[in-house]
Amino acid sequence: MESRPLLIVDGANVVGSRPDGWWRDRAGAAVRLRDALAPVGEAGVPPELPPPVQVVLVVEGAARHVAPAPGVEVVSAPGSGDDTMVELVAAAPDRRRVVVTADRELRERVTALGAEVRGPRWLRP
């Protein structure tokens, strides 16, 4: 059984929370987020999420073809990114699961399955 906490990041929601021109290049914004997440696997998010952490970035739409990188798994949602994140949470019932999103409906769905939720600012250094 996997013992590392599972960190699931709502790529579209987190990218959309930063007014940095992401709308001009959604895939590029997802790549920048993926790269910023790379150290989290080994460093965690102190003090709340100690390492090691399994980091999963869920992408959809224009960012669907973003590749994984060392330390970050990338899951391309075949349809709804929210549904994919709920499936990931449901598939790991015996692990600590932390979902990063500001989406209220998604928050409700994953907390009903026992996951913790943090907002996008939680990931900022």
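Which residue's side chain meets that of Arg34 in a salt bridge? In this predicted model, the partner is Asp35, and the N to O distance is 2.9 Å. Arg34 lies in helix 2. Its relative accessible area is 12%, and because buried means under 20%, Arg34 counts as buried. Asp35, in contrast, is partly exposed, at 40% relative accessibility. Leaving aside neighbours within four places in sequence, Arg34 is in contact with Leu57, Val66, Ala67, Pro68, Ala69, Val72 and Val74.

The bridge between Arg34 and Asp35 is one of 5 salt bridges that the structure holds. Another is formed by the side chains of Arg118 and Glu48, at 2.8 Å from N to O. This pair links distant parts of the chain, with the two positions 70 residues apart. Arg118 belongs to strand 5, which covers residues 116–118, while Glu48 sits in the loop between helix 3 (40–43) and strand 2 (54–59). Arg118 is buried, with a relative accessible area of 19%. Glu48 has a relative accessible area of 35% and is partly exposed.

Arg118 also takes part in a salt bridge with Glu116, where the N to O distance is 3.0 Å. Glu116 is partly exposed, at 24% relative accessible area. Salt bridges that share partners join Glu116 and Arg118 with Glu48 and Arg96 into one network.

The loop that holds Glu48 has further features. Pro47 is located in the loop between helix 3 and strand 2, and a cis peptide bond joins Pro46 to Pro47, with omega at about -5°. Pro52 lies in the loop between helix 3 and strand 2 as well. A cis peptide bond joins Pro51 and Pro52, and here omega is about -10°.

The next topic is the nonpolar interior. How many residues does the largest nonpolar core have? There are 23, and those with the most contacts inside this core are Leu7, Val9, Leu37, Leu57, Trp122 and Leu123. At least two residues of the core come from each of strand 1 (6–10), helix 1 (11–16), helix 2 (26–37), strand 2 and strand 4 (97–100). Helix 2 gives the largest share, 4 residues.

Two members of this core can be followed in detail. Leu7 is placed in strand 1, and at 0% relative accessibility Leu7 counts as buried. Setting aside residues within four places in sequence, the contacts of Leu7 are Val40, Leu49, Val53, Gln54, Val55, Val56, Val98, Val100, Trp122 and Leu123. Trp122, with residues up to four places away in sequence not counted, touches Leu7, Val45, Glu48, Leu49, Val98 and Val100. Among the residues that Trp122 touches is therefore Glu48, the partner of Arg118 in the salt bridge described above.

A second, separate core has 14 residues, including Ala77, Leu106, Ala115 and Val117. One of these residues, Leu106, also appears in a contact between two helices.

How do helix 4 and helix 5 lie relative to each other, and at what angle do their axes cross? Helix 4 covers residues 81–90 and helix 5 covers residues 104–111; their axes come within 10 Å and cross at roughly 20°. Angles under 35 degrees count as roughly parallel, so helix 4 and helix 5 are roughly parallel to each other. The crossing of helix 4 past helix 5 is right-handed. On the side of helix 4, the contact is made by Asp82, Asp83, Met85, Val86 and Val89. On the side of helix 5, it is made by Leu106, Arg109 and Val110.

A distance relates this helix contact to the first core. Asp83 of helix 4 and Leu7 of strand 1 are 76 residues apart in sequence, and their C-alpha atoms are 16 Å apart in space.

Note on methods:
Residues are numbered from 1 along each chain as its sequence is written. This is a predicted model: local features need pLDDT of at least 70, side-chain atom pairs count only at pLDDT 80 or more; totals for chains, interfaces and linings use all residues. Side-chain values use heavy atoms; hydrogens and water are left out. A salt bridge is a side-chain nitrogen of Lys or Arg within 4 Å of a carboxyl oxygen of Asp or Glu. Buried means under 20% relative accessible area, exposed over 50%, partly exposed in between (1.4 Å probe, protein chains only). A nonpolar core is a set of buried Ala, Val, Leu, Ile, Met, Phe, Trp, Tyr and Cys residues joined through side-chain atoms within 4.5 Å. Contact means heavy atoms within 4.5 Å. Axes are lines fitted to C-alpha atoms, for helices over the stretch in contact, and angles run from 0 to 180 degrees between N-to-C directions. Angles under 35 degrees count as roughly parallel, over 145 as roughly antiparallel, 65 to 115 as roughly perpendicular and the rest as oblique. A crossing is left-handed if the near helix is turned anticlockwise from the far one by less than a right angle, and right-handed if clockwise.
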